[in-house]
Amino acid sequence: MAGNDFDPNQLSTSQQEALGTYTAVTNQDPAAALPLLERSQWNVQIAIAKFFDGEAPDPVEEARASLASSSPAPPSQSSHQETLMNGFSRSPRPRNPSRLDPAPRIVPQPDTQNVYRPPFLLAILFTPFNLLYRLLSGSFRLFTYLFPFLPRLLAGSPGSRVQPRRQRDTTGRKPLNPRDTAARFVREFEEEYGQHDLKFFENGYAQAYDLAKKDLKFLLVVLLSPEHDDTSTFIRGTLLSPEVVSYINDPQNKIILWAGSVQDSEAYQVSTALNCSKFPFAALVAHTPQDSSRSMSTIGRISGLVPPSAFVPRLRSAISQHSATLERARQSRSEQQATRNLREEQNSAYERSLAQDRERARQRREEENARLRVEREAKAKADAAERENQNLEQWKQWRAQRILPEPTSSGDDVTRVSIRMTSGERVVRKFRAEADIEELYALVECYDMLSSSSASTKVTEPPNYQHQYRFRLVSPLPRAVHDIASGATIGNQIGRSGNLLVEPIDDDEDDA
C-alpha cells in the first residue's frame, strides 16, 4: 500500500485524517508520508516529530539489515534508536542482561513554561526592539497569508529547514491535575467499554509509584493510544477478559493497576520514561532491593496485541521471579517495624516509669513542704501563745500594782461588793463609789497576784499589748451585765452594795 499504486481509499477514516493532518503540517507528498506514518503507528505527533528531526528514509529496516549482515559493533560504536518524544537519539551502552531497567518516578510537567519577565529597567531599554520585532513579525505573517505558496517554496529549498516551534495540542483535551486526569480516563474507559471489574488506581502515576514502593506491591502500568487500531481489540479481548481481570484483582498477587492514555501529558511522559515502543503497552514495576534500598525497576514489558493466554503467564512469570525478593523485603521491614515498635514500647514504658517517679517525688516534696509548713505554723502559734502568756503575766503584775487601795471607812462614797469567782471562792471588798467599773475587772483578773504577791519590784506595762478581759461581771437578781465598755462608775452601776458573778466568755461568743 506504500508503493506507486497508492490509493487513499484503501485507508480507514482515522488513517485518512491522520494523513491529512500530517501532510498539512509537513507539506510532504502523501505517498512519501505513508511509510513514516506506518512506522509511527499512525500517531501524527510522533510522525511530525520524526519528520522535523530529520529521520532517515527507513532507519529501522536499515538497522536490522546492518545487524544481520555485519558483525556486532564494538562497545564504543554508537547507534541510533527511535523514541517517542525526541525522535532519534544515541542508544545507551549495552547493559547487563541481568540488570533491570530503572523505573523513574514521573511527575507531570506543564506543557507551557512560565514566561520570564525581565527587570523593569531592561524592559524599558528593550521596548523599541520589542516593538520593531512585533512589527516585522506581524508584517511577515500578513505577507505569508497573502502569498501562501512562499512558505512551501522556502521549506522545500535546501538548508532552509529550521527547527519548528512546538506544536500546540490539537486533541482538544484540557490539561488537568493527575487525580482529575485519572478520573477522566476511568470515566471515558467506562463510557467506551461499559462497566467492568478492573480496579484502576484513580490518582497520578507518581502516587501509584509511591504506594507500590511503600507497600512493596507490583505496579502494573497500562498505556493506551486511542488512535491505534489494536487498542479496542486489546481492551475487549485481553484487558477485560475474565482471566486477566481475575488475576489482577487477586489480593494475593498484590497488584496496583494504573492506566492512562498517551493523549494526556502524564501518560505520554510515562511512556517515554518506560521506553514504550509499541501500543498497547503494559509494564510491571516493582521494588528491587538487590539494586538499592529505594530503587524501582521495570521487571516486565508486554507490547502489542497479546491474547489473555499469553498476557497472564507473562505477568505470572515476572511476579513469581520477584515475589521471593519482595517477600524477604517485607519480612525485613516487618522485623524493622517490630524492632521499632519494641523500642517505642520500651521508651514509652521508661517514660511512664519516669513520670511515675517524678510524680512520687513531687508528692513527697509536697508532703514534706506541708509537714514543714504545719511545724512552722505550730511553732509560730506556740511562740505567739508563749509571748501572750508572758505579756499577760507582766500586765497582771503591772495592773495589780495600780489597783486602788481598799477604803477603811464606810459611807455614802463607798460601795461594798461581793464577787463569786469561777473557782467558787467569794471575795468581799470595798471600793470607792467614784472608781471606774474597770477596777472590779482588774481585781478579778489580778486576784491571784494580789493574794500571792509579796515582791515590791516595780513592773512596767508590756509594750504593744492590749489586754482583753475574758469574763464579764453579772448581777444575778435581777440579771444585769456590768459591761466594762460602758465607762460607768462602780456607784452608778452597783449602788451601795451588790453581789456579782464572774462569767467566763467563750471563744465563739467572743468572735460573735
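**Exercise 1. Name elements that cover the buried residues of helix α12, and place this helix against its sheet.**

Solution. The cover over the buried residues of α12 includes α8 (178-193), α9 (205-215), β4 and β5, where helices (H or I, at least four residues) and strands (E, at least two) are DSSP runs numbered from the N terminus. This is a predicted model, in which local features need pLDDT of at least 70 and side-chain atom pairs count only at pLDDT 80 or more, while totals for chains, interfaces and linings use all residues. Residues are numbered from 1 along each chain as its sequence is written, and side-chain values use heavy atoms, with hydrogens and water left out.

Step 1 is to list the residues that are covered: Glu266, Ala267, Tyr268, Gln269, Val270 and Ser271 of α12 are buried, a word that stands for under 20% relative accessible area, with exposed meaning over 50% and partly exposed in between (1.4 Å probe, protein chains only).

Step 2 is to describe the sheet, which is open and mixed in its pairing, with 5 strands in the order β3-β7-β6-β4-β5; two strands pair if DSSP finds at least two bridges between them. Because β3 (101-102) and β5 (255-261) each have a single partner strand, they stand at the edges, and one side of each is left without a neighbour in the sheet.

Step 3 is to set the helix on the sheet: α12 (residues 265-273) packs there and touches β4 (218-224) and β5, its direction making about 110° with that of β5. Contact means heavy atoms within 4.5 Å, and axes are lines fitted to C-alpha atoms, for helices over the stretch in contact, with angles from 0 to 180 degrees between N-to-C directions. Just after α12, asparagine 275 has a positive phi of about 60°.

**Exercise 2. How do strands β6 and β7 run, and which residue is the bridge partner of alanine 282?**

Solution. Strands β6 (residues 281-287) and β7 (residues 296-303) run antiparallel and are joined by 7 bridges. Within this pairing, alanine 282 has isoleucine 302 of β7 as its bridge partner.

**Exercise 3. Work out the arrangement of the sheet that contains β10, and say which helix packs on it.**

Solution. Begin with the strand order, which is β9-β8-β12-β10-β11 in an open sheet of 5 strands with mixed pairing. The edges are then β9 (426-432) and β11 (480-482), each of which pairs on one side only, and from one strand to the next the twist averages 35°. At one of these edges, β10 (residues 471-475) and β11 run antiparallel with 3 bridges between them, and leucine 473 stands opposite histidine 482 in β11. Finally, helix α14 (residues 438-445) packs on the sheet, where it touches β8 (414-420), β9, β10, β11 and β12 (497-504), and its direction makes about 120° with that of β10.

**Exercise 4. Is threonine 238 buried or exposed, and what does this residue touch?**

Solution. Threonine 238 lies in helix α10 (residues 231-239). Its relative accessibility is 2%, so threonine 238 counts as buried. Leaving aside residues up to four places away in sequence, threonine 238 touches Thr233, Val244, Val306, Pro307, Pro308 and Phe311.

**Exercise 5. Set these parts within the whole protein.**

Solution. The protein has 17 helices and 12 strands, and 32% of its 512 residues count as buried. Among contacts between residues at least 6 apart in sequence, 68% join residues at least 24 apart.
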